[in-house]
Amino acid sequence: MLFSLPELAPGQSGVVRRIILPTDMYNTLLSLGILPGTIVRVVRRSPLGDPTAYFIRGAMIALRRKTASGILVQRVDA
């Protein structure tokens, strides 16, 4: 089952399966190392809920909910 990235709770991880975003944002995510097959772990949400910090390929990256909603992941049990 696929989830959008914001559906994962802090501490949960998922494997990126699809990215459904405009080309410019898609290319930006690719340059950050977010591509199909990448494991993403939700680290924490800001106090107001946006943005959220994700651990991706050894780096901490903050993404806004609007952008993260276009990233579909398959949850993995850690």
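# A tour of the chain, starting from strand β2

Select residues 13–19 to begin: this is strand β2, and 5 of its 7 residues are buried, so the rest of the structure largely encloses it. Keep in mind as you click around that you are looking at a predicted model.

**Stop 1: the neighbours of β2**

Leave β2 selected and add residues 39–45, which form strand β3. The two strands pair in the antiparallel sense, over 3 bridges. Now add residues 71–76, strand β6. β2 and β6 also run antiparallel, and 6 bridges join them.

Want to see single pairs? Pick V15 in β2 and look across to β3, where I39 stands opposite V15. Then pick R18 and look towards β6: the bridge partner of R18 there is L72. While you have strands on screen, here is a handy general point: in a regular strand, side chains alternate between the two faces of the sheet.

**Stop 2: V15**

Go back to V15. Is V15 buried or exposed? Its relative accessibility is 9%, and buried means under 20%, so V15 counts as buried. Show whatever is in contact with V15, skipping its neighbours within four places in sequence, and you get G37, T38, I39, L72, V73, Q74 and V76.

Before moving on, draw a distance from V15 to D50. Their C-alpha atoms are separated by 21 Å, and the two residues are 35 residues apart along the chain.

**Stop 3: D50 and its salt bridge**

Zoom in on D50. How exposed is D50? With a relative accessible area of 30%, D50 is partly exposed.

Now show the side chains of D50 and R64. They meet in a salt bridge, at 3.6 Å from N to O. This pair links distant parts of the chain: R64 is in the loop between β5 and α2 (65–68), D50 is in the loop between β3 and β4, and they are 14 residues apart. How many salt bridges does the structure hold? The count is 1. As a general rule, side chains of opposite charge can pair when their charged atoms come close.

**Stop 4: an unusual peptide bond**

Stay with D50 and select P51 too. The peptide bond joining D50 and P51 is cis, with omega at about 5°. P51 is in the loop between β3 and β4, and β4 covers residues 52–56. For background, most peptide bonds are trans, and most residues other than glycine have a negative phi. The second half of that will come in handy shortly.

**Stop 5: T52**

Step along to T52, which is in strand β4. T52 has a relative accessible area of 4%, so T52 is buried. Which side chain makes a polar contact with the side chain of T52? Turn on R45: the two side chains make that contact at 3.1 Å. Widen the selection around T52, again ignoring neighbours within four places in sequence, and the residues in contact are V42, R44, R45, I61, A62 and L63.

**Stop 6: R57**

Next, jump to R57, in the loop between β4 and β5 (59–63). Check the backbone angle here: phi of R57 is near 50°, a positive value in a residue other than glycine. Is R57 buried or exposed? Its relative accessibility is 57%, so R57 counts as exposed.

**Stop 7: M60**

Now select M60 in strand β5. Leaving out neighbours within four places in sequence, M60 is in contact with V43, A53, Y54 and F55. Draw a C-alpha to C-alpha distance from M60 to V43: they are 8.4 Å apart in space and 17 residues apart in sequence.

**Last stop: zoom out**

Select the whole protein chain and colour by secondary structure. You should find 2 helices and 6 strands. Trace from the N terminus and the order of elements is β-β-α-β-β-β-α-β.

What are the overall dimensions? The C-alpha trace spans about 30 × 25 × 25 Å along its principal axes. A compact globule of 78 residues would have a radius of gyration near 12 Å, and this chain agrees with that, at 11 Å.

Switch on the surface to finish. The chain exposes about 4700 Å², with carbon and sulfur atoms supplying 56% of that area, while 37% of the 78 residues count as buried. One last number to think about: of the contacts with a separation of 6 or more, 58% are between residues 24 or more positions apart.

Technical notes: Residues are numbered from 1 along each chain as its sequence is written. This is a predicted model: local features need pLDDT of at least 70, side-chain atom pairs count only at pLDDT 80 or more; totals for chains, interfaces and linings use all residues. Side-chain values use heavy atoms; hydrogens and water are left out. Buried means under 20% relative accessible area, exposed over 50%, partly exposed in between (1.4 Å probe, protein chains only). Helices (H or I, at least four residues) and strands (E, at least two) are DSSP runs, numbered from the N terminus. Two strands pair if DSSP finds at least two bridges between them. A polar contact is a pair of N or O atoms within 3.5 Å; within protein, one must be able to donate a hydrogen and the other to accept it, and residues adjacent in sequence count only if both atoms are side-chain atoms. Contact means heavy atoms within 4.5 Å. A salt bridge is a side-chain nitrogen of Lys or Arg within 4 Å of a carboxyl oxygen of Asp or Glu. The radius of gyration is taken over C-alpha atoms; the globule rule is 2.2 Å times the number of residues to the power 0.38. Accessible areas come from the Shrake-Rupley method with a 1.4 Å probe; for residues, only the protein chains shown count as cover.
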